[in-house]
Amino acid sequence: MKIFIVEDNSFYAELLSYDLLSKSHDVEVFNSAESCIEAFHDVIPDVLVLDFFLRDGADGIEVLNEIKKFEHSNCKIVMLTSSSSKEVKRLTMENGANYFLNKSIDSGHELSRIIKGITYS
């Protein structure tokens with residue numbers, strides 16, 4: 001399974017990708033929304049794991065709207081955030097995210113469970 005991770009915090013990027021790589025998924029990590037969107041022009045992943053708040057000024061909603069412009073994108077979106085705001089969760093789900101994941105030390109394992117569910121659905 002091809003998985004893109006957009007996370008500007010290198011600790012979380014490593015945490016999220018570790019379990020997925022050990023399960024033989026093809027994982028690419030991007031530290032900006034712009035670099036991820038550029039990559040979509042070449043390949044559309046099966047899953048996009050997207051940090052809601054990025055240091056480059058983009059937020060998850062903006063990226064979701066850009067991703068929707070790709071006609072053949074059946075990509076599943078997992079929104080990732082450290083925010084506990086119900087408003088952030090509501091906005092992401094209303095704008096097309098399939099899953100919502102709060103950042104924690106267990107995020108890598110939780111993400112693996114979500115990916116496993118996507119694989120078998």
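In this predicted model, helix 2 and helix 3 meet through a small set of residues: Ala33, Ile37 and Phe40 of helix 2 are in contact with Val63, Glu66 and Ile67 of helix 3. By character, the residues of this contact comprise 5 nonpolar, no polar and 1 charged. Helix 2 covers residues 33-40 and helix 3 covers residues 60-67; the two pack at an angle of about 10°, and their axes lie 11 Å apart. Angles under 35 degrees count as roughly parallel, and helix 2 and helix 3 are therefore roughly parallel to each other.

The strands form an open sheet of 5 members, arranged in the order 2-1-3-4-5 with parallel pairing. Its edges are strand 2 (26-30) and strand 5 (99-102), each of which pairs on one side only. From one strand to the next, the twist averages 20°. Within the sheet, strand 1 (residues 2-6) pairs with strand 3 (residues 47-51) in the parallel sense over 4 bridges. Ile3 stands opposite Val47 of strand 3. In general, strands of a sheet pair through backbone hydrogen bonds, either parallel or antiparallel.

Two helices that touch the sheet are set out below.

| Helix | Strands touched | Angle to a strand |
|---|---|---|
| Helix 1 (residues 10-22) | strand 1, strand 2, strand 3 and strand 4 (76-81) | about 170° with strand 2 |
| Helix 5 (residues 107-119) | strand 1, strand 3, strand 4 and strand 5 | about 165° to strand 5 |

Helix 1 thus has its angle given relative to strand 2, and helix 5 relative to strand 5; strand 2 and strand 5 are the edge strands.

Terms used
Residues are numbered from 1 along each chain as its sequence is written. This is a predicted model: local features need pLDDT of at least 70, side-chain atom pairs count only at pLDDT 80 or more; totals for chains, interfaces and linings use all residues. Side-chain values use heavy atoms; hydrogens and water are left out. Two strands pair if DSSP finds at least two bridges between them. Axes are lines fitted to C-alpha atoms, for helices over the stretch in contact, and angles run from 0 to 180 degrees between N-to-C directions. Contact means heavy atoms within 4.5 Å. Angles under 35 degrees count as roughly parallel, over 145 as roughly antiparallel, 65 to 115 as roughly perpendicular and the rest as oblique. Ala, Val, Leu, Ile, Met, Phe, Trp, Tyr, Cys and Pro count as nonpolar, Asp, Glu, Lys and Arg as charged, and the others, Gly among them, as polar.
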